[in-house]
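Here is a short report on one protein chain. Look at the sequence and the model first, then read on for the layout, the core and the charged pairs.

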Amino acid sequence: MAQESPKNSAAEIPVTSNGQLEDSHEHSFNRDLKRSLPVGLGLSETKITSHGFDSTKEGVVEAGPFPGSSASPKSSVISPSSAAASRLAGQGCDLIIPTGGRAQQKSGPVVLADEVKNPAMEKLELVRKWSLNTYKCTRQIISEKLGRGSRTVDLELEAQIDILRDNKKKYENILRLAQTLSTQLFQMVHTQRQLGDAFADLSLKSLELHEEFGYNADTQKLLAKNGETLLGAINFFIASVNTLVNKTIEDTLLTVKQYESARIEYDAYRTDLEELNLGPRDANTLPKIEQSQQVFQVHKEKYDKMRNDVSIKLKFLEENKVKVLHNQLVLFHNAIAAYFAGNQKQLEQTLKQFHIKLKTPGADAPSWLEEQ
């Protein structure tokens with residue numbers, strides 16, 4: 001059965017000055033409405049509401065299900081007239097137009113919500129970017145080791161980094177030797193203290209050798225006291241060098257590692273950009289080249305920033321290292337010389353010069369009586 005064209009699916013609805021429909025056109029409007037409604041839906045199930053200009057739901061057609069039909073009725077779309085469209089646009093009617101182009105009727109205000117981001121998709125995207133970056137950097141490292149890839153080198157900065165690493169190894173060796181000396185000196189001082197206590201005990205029990213045992217007891221106690229003073233100076237030297245090696249220099253080397261990682265990323269993306277520039281230029285490759293250029297620029301800025309940070313830290317480290325080691329080497333020399341020269345006053349003066357406070361004798365190790 002032929003179906004008429006729905007070009008007159010919505011008719012002009014003349015409205016009088018008081019907002020009422022004209023009776024002369026009611027019959028024509030109902031006939032056009034029947035043609036526009038789907039099969040199975042009659043005017044008996046359709047409610048047409050038309051109010052004045054102050055109505056918020058003017059021109060809304062509400063359709064219920066057709067009795068006796070198991071299937072859901074298809075939604076109908078009624079195009080309003082120009083007059084009704086202008087009033088609906090002014091009053092904000094409840095029409096939502098999805099991306100498919102079909103108009104759906106919905107009660108309530110119009111809410112425009114952004115697309116909800118999926119956390120799983122965001123994590124997947126981060127993993128994809130990390131994997132791609134890791135692959136590029138690994139390929140760059142392998143190509144450099146095989147001698148196939150080019151490498152960006154700052155000769156002056158690389159020389160300073162090599163000197164720093166070499167000096168760190170030498171300072172670590174000095175630190176180990178100083179710790180060994182401190183341990184051995186502590187054992188010697190502890191032995192001298194025990195020997196002095198033993199001589200003092202024998203001087204009280206041996207009347208015929210009272211003076212001889214007493215002289216040796218005093219000598220060993222004096223040596224133990226001077227040894228504790230020297231031990232305080234050496235421990236202060238060890239603590240300062242340890243801070244320099246394991247904190248200050250290590251912090252600078254951590255920045256150097258970050259600089260080297262930034263350099264590898266910079267060279268990896270630079271190589272990709274050079275390969276794309278050597279290839280053909282067409283509609284497919286130009287967007288890739290532009291995107292690669294943007295990513296390369298980001299890593300270039302990161303590389304320049306890290307190189308500047310390393311240069312500044314190396315400069316400050318050199319100044320701090322010279323100042324710290326100068327004071328510590330003077331302390332170490334004066335303390336050792338005064339100790340082996342037997343100059344107790346000079347040894348004590350050296351500790352006062354560097355503001356070193358000695359611990360209570362025997363605080364680090366139990367006394368001879370406590371061990372018994």
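## Overall layout

The chain has eight helices and four strands. This is a predicted model. Read from the N terminus, the elements follow the order α-β-β-α-β-β-α-α-α-α-α-α.

The chain has 372 residues, and 28% of them count as buried. About 26000 Å² of surface is exposed. Carbon and sulfur atoms supply 56% of that area. Take the contacts between residues at least 6 apart in sequence: 68% of them join residues at least 24 apart.

## Helix α6 and the annotated segment

Helix α6 covers residues 285-340, a run of 56 residues. From first C-alpha to last, α6 reaches 79 Å. The expected value at 1.5 Å a residue is 82 Å, so the two are close. After α6 comes G342, with a positive phi near 75°.

An unreviewed UniProt entry places a "coiled-coil region" at residues 154-181. In the model, residues 154-181 are 96% helix and 0% strand. The C-alpha atoms at the two ends of this segment lie 41 Å apart.

## The nonpolar core

The largest nonpolar core holds 41 residues. Within it, I161, I249, Y259 and V310 have the most contacts. Four elements each give two or more residues to this core: α4 (155-205), α5 (210-278), α6 and α7 (344-353). Helix α5 provides the largest share, 17 residues.

What does Y259 touch, beyond residues up to four places away in sequence? Its contacts are D154, L157, E158, I161, Y303, M306, R307 and V310. Two of these, I161 and V310, are themselves among the core residues with the most contacts.

I249 sits in helix α5. Its relative accessibility is 1%, so I249 counts as buried. With neighbours within four places set aside, I249 is in contact with L164, K168, Y171, L244 and L317. L164 is 85 residues from I249 in sequence, yet their C-alpha atoms are 8.0 Å apart in space.

## Salt bridges between and within helices

The structure holds 18 salt bridges. One of them joins the side chains of E260 and R165, at 3.0 Å from N to O. This pair links distant parts of the chain: E260 belongs to helix α5, R165 to helix α4, and 95 residues separate them. Are these two residues buried, exposed or partly exposed? E260 is partly exposed, at 26% relative accessible area. R165 is partly exposed as well, at 31%.

K168 and E172 form another salt bridge, with their closest N and O atoms 2.5 Å apart. Both belong to helix α4, and because they are four residues apart, about one helical turn separates them. K168 has 12% relative accessibility, so this lysine counts as buried. E172 is partly exposed, at 24%. K168 is also one of the contacts of I249.

## A charged network on α5

Residue R263 is found in helix α5. It forms a salt bridge with D267, and the closest N and O atoms are 2.7 Å apart. The two residues lie four apart in α5, so the separation is about one helical turn. Buried or exposed? R263 has 7% relative accessibility, under the 20% cut-off, so it counts as buried. D267 has 0%, so it counts as buried too.

The charged pair is part of a wider set. R263, D267, R270 and E274 are linked in a network of salt bridges. R263 also touches E144, R151, T152 and Y303, leaving out residues up to four places away in sequence. Y303 appears again in the contact list of Y259.

## Summary

Helix α5 recurs in this picture. It gives 17 residues to the largest nonpolar core. It holds I249, and it also holds R263. Through E260, α5 is joined to R165 of α4. R263 and D267 form a salt bridge, and they belong to a network that includes R270 and E274.

Note on methods:
Residues numbered from 1 in each chain as written. Predicted model: local features only at pLDDT ≥ 70, side-chain atom pairs only at ≥ 80, totals over all residues. Heavy atoms only, no water. Buried < 20%, exposed > 50% of the residue type's maximum accessible area, 1.4 Å probe, protein only. Contact = heavy atoms within 4.5 Å. Areas by Shrake-Rupley, 256 points an atom, 1.4 Å probe, with all protein chains shown as cover. Core = buried A, V, L, I, M, F, W, Y, C linked by side-chain atoms within 4.5 Å. Salt bridge = Lys/Arg side-chain N within 4 Å of Asp/Glu carboxyl O. UniProt positions renumbered as here; feature names shortened; annotations may be inferred.
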